[in-house]
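Reader: I've got a structure open and I'd like to learn how to read it feature by feature. Can you walk me through a few?

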Amino acid sequence: MINRRRLRRWHIWLGWLVAIPMLFWTVSGVVMVLKPIEEVRGEALIRPQAPIRLAAPPVPPALEGIPFKSLSLQQRVGGPIWVVTLADGSTRLANPATGAFYSDVSGPLALLEFMKRYTGKAHALSVARVDPDRPPLELRKPVKAWLITMSDGAHFYVDASGEIIAKRTRWWRFYDFMWGLHIMDPAGREDTHNPWIITFALISVTTVILALILLPMTIRRRKAEQ
Amino acid sequence: MEPALAIFATLLGHCWQTQLAPQDVDTHCFTDMWKGAHVRDVHVVTHDGKSVYEGETIYSFDGKSIVFTYVNSLGGVGGGSATVADKVISFTGSMRAGPGSPPQPIDTKWRMLGDGYEVTTPAEKAVRRFTLAR
């Protein structure tokens, strides 16, 4: 026979243990649903690239013997350009008219590529190179990139090919912090399978199951007392 | 080369410098970028031969007009557009000297000469002449 008093004691003690995580989960959950995800991601801040118009059939770059993942023709401020993604994830650029390789985009060119597509009202405060060996947490990718800091606090990342690879508004950063709390990985904000969240999730489930067992027992007891 | 950027042709492949003050020199080196899709202007300001700051401007044709974007090592950012008429390039836009600085309007004219170019800015009384760097 299940001892109601013992179950109740377990439920209370487990409840104390998961009170703070549950508070984090609910508060972060509320924050994450407050705004549409498109607004959080700043999707409206960047307009899509213009369609490509070629003057002549494109000449592919010489890639014989070079391991690469993809070759795509992309639009940039100066016109279409080949973007070769190599096996290690880095990119090389090439001229579609001749197939000749280009240099990576520089800071001002990254800013130009960004400003041509930016639809917001803020202005650029600075342009800084990102160290691919120590990328900012908000970028998440170890790639060569330029960080453009805007006057409204938004950060935009433009990679070495001139593509805008990350849009980080202030709200996105707050959302991301809350996501880190939600999955109990505030440092990396990627690992949804860490021991902390698994442990506390199991304790929480146990606490709720105990509550569901206790509820009818308590109702029956109260009725019996009446 | 992009026809709209042909005005820069005589500057490409060379460095041009001007004396800002007795010990201060501004040197601009122009190169063709991406087979003429852009013109790259990398400059360095030196004091007594030591670099004070460096910057880079990219001139491009966006399909309608010449546009330029500038970034320097002090955190300065600027940009705008340019029009060409009779060997004179007129630049308009705005520039921030640093991340916290207010925007300053850009209103500059470059007159292309056979052996360099002259820069006129209303705020400065003197005309700066850039000559081939030695």
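**Reading the features**

Author: Sure. Let's start with A:A128, which is partly exposed because its relative accessible area is 35%. Keep in mind that this is a predicted model.

Reader: Where is A:A128 placed, and which residues does it touch away from its sequence neighbours?

Author: A:A128 sits in strand β5 of chain A, residues 124-130. Skip the neighbours within four places in sequence, and A:A128 is in contact with A:A145, A:W146 and A:L147. You can also look at C-alpha separations: A:A128 and A:T149 are 21 residues apart along the chain, yet their C-alpha atoms are separated by 8.3 Å.

Reader: And B:T108, is that buried or exposed?

Author: Buried means under 20% relative accessible area. B:T108 comes in at 12%, so it counts as buried. Its place is in strand β8 of chain B, residues 104-113. Leaving out neighbours within four places in sequence, its contacts are B:I89, B:S90, B:F91, B:V119, B:T120 and B:T121.

Reader: Let's do helices. How do I check the span of α4 in chain A?

Author: The expected span is 1.5 Å times one less than the number of residues. Helix α4 of chain A (170-182) has 13 residues, so it should span 18 Å, and its end C-alpha atoms are indeed 18 Å apart. Just after α4(A), A:M184 takes a positive phi of about 55 degrees.

Reader: Which residues of α4(A) are buried, and what do they pack against?

Author: The buried ones are A:W172, A:Y175, A:D176, A:M178, A:G180 and A:L181. They pack against α1, α2 (37-40) and β8 (164-168) of chain A.

Reader: What about a helix with side chains on the surface? Which residues make the nonpolar patch?

Author: Here's the general idea: an α-helix has 3.6 residues a turn, so residues three or four places apart point the same way. In this structure, A:I20, A:L23, A:F24 and A:V27 make a nonpolar surface patch of about 350 Å². A:V27 lies in helix α1 of chain A, residues 4-34. With 40% relative accessibility, A:V27 counts as partly exposed.

Reader: Zooming out, what does the domain assignment give for chain A?

Author: Watch for domains built from separate segments. Domain 1 of chain A takes in 4-37 + 177-225, while domain 2 covers 43-168. Taken over C-alpha atoms, the centres of these two domains of chain A are separated by 43 Å.

Note on methods
Residues are numbered from 1 along each chain as its sequence is written. Chains are lettered from A and ligands numbered from 1 in the order in which they are written. This is a predicted model: local features need pLDDT of at least 70, side-chain atom pairs count only at pLDDT 80 or more; totals for chains, interfaces and linings use all residues. Side-chain values use heavy atoms; hydrogens and water are left out. Patches are made of residues with over 30% relative accessible area and no salt bridge: like charges are joined within 9 Å, nonpolar side chains (Val, Leu, Ile, Met, Phe, Trp, Tyr) within 5 Å. Accessible areas come from the Shrake-Rupley method with a 1.4 Å probe; for residues, only the protein chains shown count as cover. A salt bridge is a side-chain nitrogen of Lys or Arg within 4 Å of a carboxyl oxygen of Asp or Glu. Helices (H or I, at least four residues) and strands (E, at least two) are DSSP runs, numbered from the N terminus. Buried means under 20% relative accessible area, exposed over 50%, partly exposed in between (1.4 Å probe, protein chains only). Contact means heavy atoms within 4.5 Å. Domain bounds come from an automatic or database domain assignment.
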